[in-house]
Amino acid sequence: MSIEFTELPYSIDSLEPHVSAKTLQFHHGKHHKAYVDKLNTAIAGTAYEGKPLDAIIVAAHDGADTSVFNNAAQAWNHAFLWHSMSPNGGGKPTGPLADAITQRFGDLAGFRAEFKTAALRQFGSGWAWLVRKPDGLNIVSTGNADTPLIHGVTPLLTLDVWEHAYYLDYQNSRDAYIDAYLDKLINWDCAAQNYESDGAAV
Ligand code: MN3
């Protein structure tokens with residue numbers, strides 16, 4: 001059984017004008033699909049074949065199998081990214097997650113400032129994440145394909161800061177792309193579900 005390339009959870013033009021259909025045609029249809037295709041080619045006939053994606057990520061990391069790890073982690077990170085955005089995004093977190101945000105960051109503005117700084121300061125390609133640790137929430141950034149799944153924390157939300165995620169819409173302005181994500185796209189409902197289930201499903 002191969003790893004499935006999943007469809008977007010919304011129509012391809014529904015994040016416009018913040019993320020264009022053209023960006024998603026490339027980012028989802030080309031970049032994300034290529035990671036899944038390369039992973040399936042790499043694992044065919046190996047001990048990885050038939051395992052769930054998260055198990056492949058951990059096993060490839062433990063085994064220092066860089067090519068399998070990079071493609072598996074990118075396949076997972078991108079699937080998680082699509083759920084971290086919503087055509088009805090923005091707004092405020094609710095329920096227990098809202099309380100945890102207040103406890104850790106003071107208020108939503110505190111979260112926003114810290115997340116934006118992490119996303120801006122990630123040099124080159126990588127990701128910014130809101131994660132749940134045993135002692136509360138945290139914001140982390142990871143480089144290239146690195147993923148919280150191998151660091152013992154639960155991802156709640158992510159933003160891809162690789163240039164391919166924003167260059168068609170924002171050229172070199174990562175700053176404006178991060179603002180659009182935080183103000184218009186961020187999917188607090190998905191984050192709340194991940195927080196309450198203590199697991200990040202994609
Ligand atoms: Mn990407």
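**Note on the domain interface and the manganese site**

1. Across the interface of domain 1 and domain 2, 11 residue pairs are in polar contact, with both partners at pLDDT 80 or more. The model is a predicted one. Salt bridges play no part here: the count between domain 1 and domain 2 is zero.

2. Which elements supply the domain 1 side of this contact? Helix H1 (21-43), helix H2 (53-62) and helix H3 (66-84) each give at least two residues to the side that touches domain 2. H3 supplies the largest share, 11 residues. By class, the domain 1 side that touches domain 2 splits into nine nonpolar, 10 polar and two charged residues.

3. The bounds behind these counts are 21-84 for domain 1 and 95-197 for domain 2, as given by the domain assignment of the chain. The contact draws 21 residues from domain 1 and 25 residues from domain 2. Between the C-alpha centres of the two domains the distance is 20 Å.

4. The size of an interface is often quoted as the accessible area lost when the parts come together. Here domain 1 and domain 2 bury about 1700 Å² between them. Carbon and sulfur atoms carry 69% of that area. Within domain 1, the residues that lose the most area to domain 2 are Thr23, Phe80 and Ser84. Together these three account for 31% of what the domain 1 side buries.

5. Next, the metal. Which protein atoms act as donors to the manganese ion? They are NE2 of His27, NE2 of His78, OD of Asp160 and NE2 of His164. Their distances to the ion run from 2.0 to 2.2 Å. Along the chain the donors follow the spacing H-x50-H-x81-D-x3-H. His27 sits in helix H1 and His78 in helix H3, so this pair links distant parts of the chain, 51 residues apart. His27 and His78 fall within the bounds of domain 1 (21-84), while Asp160 and His164 fall within those of domain 2 (95-197).

6. Salt bridges do occur in the model. A search of the whole structure finds seven. One of them joins the side chains of Arg104 and Glu114, at 2.9 Å from N to O. Arg104 belongs to helix H4 (residues 95-105) and Glu114 to helix H5 (residues 108-121). The two residues are 10 apart in the chain.

7. Two backbone details deserve a look. Glu16 and Pro17 are joined by a cis peptide bond, with omega about 5 degrees. Pro17 is in the segment before H1. Where does Ala64 lie? Ala64 is in the loop between H2 and H3. The phi of Ala64 is positive, about 55 degrees, although this residue is not a glycine.

How values were computed. Residues are numbered from 1 along each chain as its sequence is written. This is a predicted model: local features need pLDDT of at least 70, side-chain atom pairs count only at pLDDT 80 or more; totals for chains, interfaces and linings use all residues. Side-chain values use heavy atoms; hydrogens and water are left out. Domain bounds come from an automatic or database domain assignment. Contact means heavy atoms within 4.5 Å. Buried area is the accessible area (1.4 Å probe) that two parts lose on being put together, summed over both. A salt bridge is a side-chain nitrogen of Lys or Arg within 4 Å of a carboxyl oxygen of Asp or Glu. A polar contact is a pair of N or O atoms within 3.5 Å; within protein, one must be able to donate a hydrogen and the other to accept it, and residues adjacent in sequence count only if both atoms are side-chain atoms. Helices (H or I, at least four residues) and strands (E, at least two) are DSSP runs, numbered from the N terminus. Ala, Val, Leu, Ile, Met, Phe, Trp, Tyr, Cys and Pro count as nonpolar, Asp, Glu, Lys and Arg as charged, and the others, Gly among them, as polar. Donors are N, O and S atoms within 2.8 Å of the metal (3.2 Å for Na, K and Ca); water is not among the atoms, so sites may look incomplete.
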